[in-house]
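User: I am new to protein structures. Please take a close look at a single part for me, and then show me what surrounds that part.

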Protein chains: 2
Amino acid sequence: MAKIEHVSPLAPASFPELPIVKGVSFAAVEAGVKYAGRKDVMLAVMAPGSSVAGVFTKSATRSAAVLDCQSKVGNDAPSGAAFIVNSGNANAFTGGNGERSVQAVTQAVADCVGVPTSRVFSSSTGVIGEPLPHERITVKLRELREGLSADGIEQAAQAIRTTDTFAKGASKTIDIDGQTVQIAGIAKGSGMIAPDMATMLVYIFTDAKIDRVDLQAFVSELNEVTFNAITVDSDTSTSDTLLVAATGLAGVKVTPESKAFKSALHDVMLDLAHQVVRDGEGATKFVEVRVSGAKSPADARIHASAIANSPLVKTAIAGEDPNWGRIVMAIGKSGAAADRDKLSIRFGEILVAENGWVAPSYNEDDGATYMKNQGIVLHVDLGLGDSSDTMWTCDLTHGYITINADYRS
Amino acid sequence: MAKIEHVSPLAPASFPELPIVKGVSFAAVEAGVKYAGRKDVMLAVMAPGSSVAGVFTKSATRSAAVLDCQSKVGNDAPSGAAFIVNSGNANAFTGGNGERSVQAVTQAVADCVGVPTSRVFSSSTGVIGEPLPHERITVKLRELREGLSADGIEQAAQAIRTTDTFAKGASKTIDIDGQTVQIAGIAKGSGMIAPDMATMLVYIFTDAKIDRVDLQAFVSELNEVTFNAITVDSDTSTSDTLLVAATGLAGVKVTPESKAFKSALHDVMLDLAHQVVRDGEGATKFVEVRVSGAKSPADARIHASAIANSPLVKTAIAGEDPNWGRIVMAIGKSGAAADRDKLSIRFGEILVAENGWVAPSYNEDDGATYMKNQGIVLHVDLGLGDSSDTMWTCDLTHGYITINADYRS
């Protein structure tokens, strides 16, 4: 495996201080699934009565663990629940062996921590096409159980890393009806090294009490504007998993109408999503793509996605080149409605193009100076309607090629 | 502008010997539209009675010249016809000025060579967002007319280059009813340098006699399996243009049933399309993506496109890494029907994966050796139906980043 020598220049200064979430405990161990000398398996155990919601990759070649999670996430149960995650091996495209490994791991976790197998959710991330040596995980379960601790979330975040250059965490504390509610989450992604795959794994925990169906509705809706609104290279993992558990031990019930909870959950999800982009392979710039004035929300997303995924736009940003022509190109190719003579383009606050041509007020030197920023906002107004959308991406650099082409496992 | 120092390693040894096509003459001049010291405008004039057909970019931000060509290509006329093409300036996203320039150039060509304006087709390729100094072209028309020559096609191919590392030409000679019919074509693409855009321009000439409607039907159908089946980086130009002219002077009529003509036209189009891929930015490998066993032709194309456009697949090829997991990923994300456990993957003749896992016969060393070839065939059989598709692409290398990010205009 390639060594990732450097932390992303877009990384936060340090792992954040995350609060205790009542009813959740964490442990991490060195199981040697593939990596040596580092923790590579994490276990999270949630109190009885916890609700679990999730969203997963839509890939047609999704992994055995994802399929298993999907079959379980719609169930209510009075019992506790557990998340078990290993790094180093994705257990993807491993045929019938893959399912047997998921069954073995989830069954062993259920037995060890005293919850039904139907409430044990597993994920695997790392190399694909190799059988998961699942006994290396199951043999460590007792040690994991003994290590469970309410403040072990940072260890868990470290254990799920593959080629991430930093561990990712985010939290929000809110007050609902005079009670303090915590939301804390961890994520991994999106470093990849041949023959590994980009996998985004996200686990979020709250001590709010919320019905599973309501939690799922929040998560599904917010996922569209957070994790589904980021892209590093347009490629989609076979293993992407987002799981959210609500233990209910904060003593306050959240309803579908709770704007405070929804807003806080949104902030945690967006923070983690941005951290994934900030760890994008070879990234040197964090890019926000805003589209407004679209005919429909779907059109706005299509345009934003075309811009955020365009190799020509992303290489121009890498080169600090205020190349608005490539944005025009991306809009043109997207397939959604656009009128060349009605659209306008801004770099940050700088009006670059309008009325089908470069803006009279635009000065190329201003554009070039703006592109030297580490954070870039590209704003396109289509002038056709009221719909808007925002996506986040990074630039496309030699670092991406180096990580994905220069090394072999 | 960045200098392209090297000819693509995938380039043919030399420009091919192209036959005279009866009824077509060519000229090229140094007009100094942008480049100095090289020919940058070409004129082709076709005999009276020529049929003209074409296909164009579907971009919503397409250039003024493309819009003008589209409005003209459906007309029949007994007159001659002309193609006028400049490099160095794309006349794209130039507002009302763009239309005025197209009008000025086509009108001047019409006056100069004695054909109606409605039969003059113009293209421009190069920098976008800058007004086209069209008088630099019109002032050269007399010189162009005087230079017209039946054997000037290579000069024409040279004049339409922007950052192409080699001029592109292809031909086919066939016998129909005892008469010799020639088909010869030239193309440019797909080198791009900030802030230029990838533009693919293709001009094909034949002395067959064929009704415009029949010619258009051939061209539209064959375009799908030739130029629409190649991709360098998934970005789409605002100016892509393919024009085909049939002069009728070979003395033989081609009907929609003529398999010989269709096959020859296909071969010329595919040859030129492959040359565009072989000049892909930074390309070091020529890659054929074959998909079979799909549920429908549309599904087969979606899968082929997902593989051919995947940055992870393309960087793996650049790294000579037999990374079949990334192909599984691309199939999974494409959105078209796939069954993880029914698909098989081959590198050339080497069976790599089947039945949802790596093939028992597969040896990683064989895969690694195969990936060292300059030409790579990736073959995916989905095991679901009878539909197939083939696309062509190149690898994604540091060269692509260098060309598109490291330099500024």
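Analyst: N404(A) is buried, with a relative accessible area of 0%. The cut-off explains the word: a residue counts as buried because its relative accessible area is under 20%. Keep in mind that this is a predicted model.

Where does N404(A) sit? It is in helix α12 of chain A. This helix spans residues 398–406, and it supplies at least two residues of the side of chain A that touches chain B.

N404(A) also appears in a record. The UniProt annotation "binding site", from an unreviewed entry, covers N404(A) along with T162(A), K188(A), T199(A), E281(A) and S409(A). Such annotations may be inferred rather than shown by experiment.

Take K188(A) from that list. It belongs to strand β7 of chain A, residues 179–188. K188(A) is buried too, at 0% relative accessibility. Its side chain has a partner: a polar contact of 2.9 Å joins it to the side chain of T125(A).

Now go back to α12 and the side of chain A that touches chain B. In total, 66 residues of chain A are in contact with 66 residues of chain B. About 5100 Å² is buried between the two chains. Carbon and sulfur atoms give 60% of that area.

What holds polar partners across this interface? The rule finds 15 residue pairs in polar contact there, both residues at pLDDT 80 or more. Besides α12, the elements of chain A that each supply at least two residues include α1 (64–72), α2 (95–113), α9 (311–318), α10 (324–333) and α11 (364–370). Strand β14 (357–358) is also one of them. By type, the residues on this side of chain A divide into 29 nonpolar, 22 polar and 15 charged.

Charged residues bring us to salt bridges. Side chains of opposite charge can pair when their charged atoms come close. Between chain A and chain B, the count is two salt bridges. One salt bridge joins the side chains of E99(B) and R340(A), at 2.9 Å from N to O. There is also a network of salt bridges that links E99(A), R340(B) and D341(B).

Next, follow α10, which was on the list of contributing helices. Nine of the 10 residues of α10(A) are buried, so the helix is largely enclosed by the rest of the structure. The buried residues run through W324(A), G325(A), R326(A), I327(A), V328(A), M329(A), A330(A), I331(A) and G332(A). After the helix comes G335(A), with a positive phi near 95°.

Chain B has a helix α10 as well, residues 324–333. Here, nine of the 10 residues are buried, so this helix is largely enclosed by the rest of the structure. Among the buried residues are W324(B), R326(B) and M329(B). G335(B) follows α10(B), and its phi is positive, near 95°.

Positive phi deserves a pause. Most residues other than glycine have a negative phi. N91(A) is not a glycine, and yet its phi is positive, near 45°. This residue lies in the loop between β4 (81–89) and α2 of chain A. At 2% relative accessibility, N91(A) is buried. D177(B) is another non-glycine with a positive phi, of about 50°. It lies in the loop between β6 (168–176) and β7 (179–188) of chain B. D177(B) is exposed, with a relative accessible area of 69%.

Last, look at salt bridges within a chain. Over all chains the count comes to 28. In chain A, D267(A) pairs with K172(A), the closest N and O atoms being 3.0 Å apart. This pair links distant parts of the chain, 95 residues apart: D267(A) is in helix α7 and K172(A) is in strand β6. D267(A) is partly exposed, at 29%. K172(A) is partly exposed at 33%.

In chain B, the side chains of D389(B) and R301(B) meet in a salt bridge of 2.5 Å, N to O. They are 88 residues apart, with D389(B) in strand β15 and R301(B) in helix α8. D389(B) is buried, at 13% relative accessibility.

So the close look ends where it began: N404(A) is buried at 0%.

Methods:
Residues are numbered from 1 along each chain as its sequence is written. Chains are lettered from A and ligands numbered from 1 in the order in which they are written. This is a predicted model: local features need pLDDT of at least 70, side-chain atom pairs count only at pLDDT 80 or more; totals for chains, interfaces and linings use all residues. Side-chain values use heavy atoms; hydrogens and water are left out. Contact means heavy atoms within 4.5 Å. Buried area is the accessible area (1.4 Å probe) that two parts lose on being put together, summed over both. A salt bridge is a side-chain nitrogen of Lys or Arg within 4 Å of a carboxyl oxygen of Asp or Glu. A polar contact is a pair of N or O atoms within 3.5 Å; within protein, one must be able to donate a hydrogen and the other to accept it, and residues adjacent in sequence count only if both atoms are side-chain atoms. Helices (H or I, at least four residues) and strands (E, at least two) are DSSP runs, numbered from the N terminus. Ala, Val, Leu, Ile, Met, Phe, Trp, Tyr, Cys and Pro count as nonpolar, Asp, Glu, Lys and Arg as charged, and the others, Gly among them, as polar. Buried means under 20% relative accessible area, exposed over 50%, partly exposed in between (1.4 Å probe, protein chains only).
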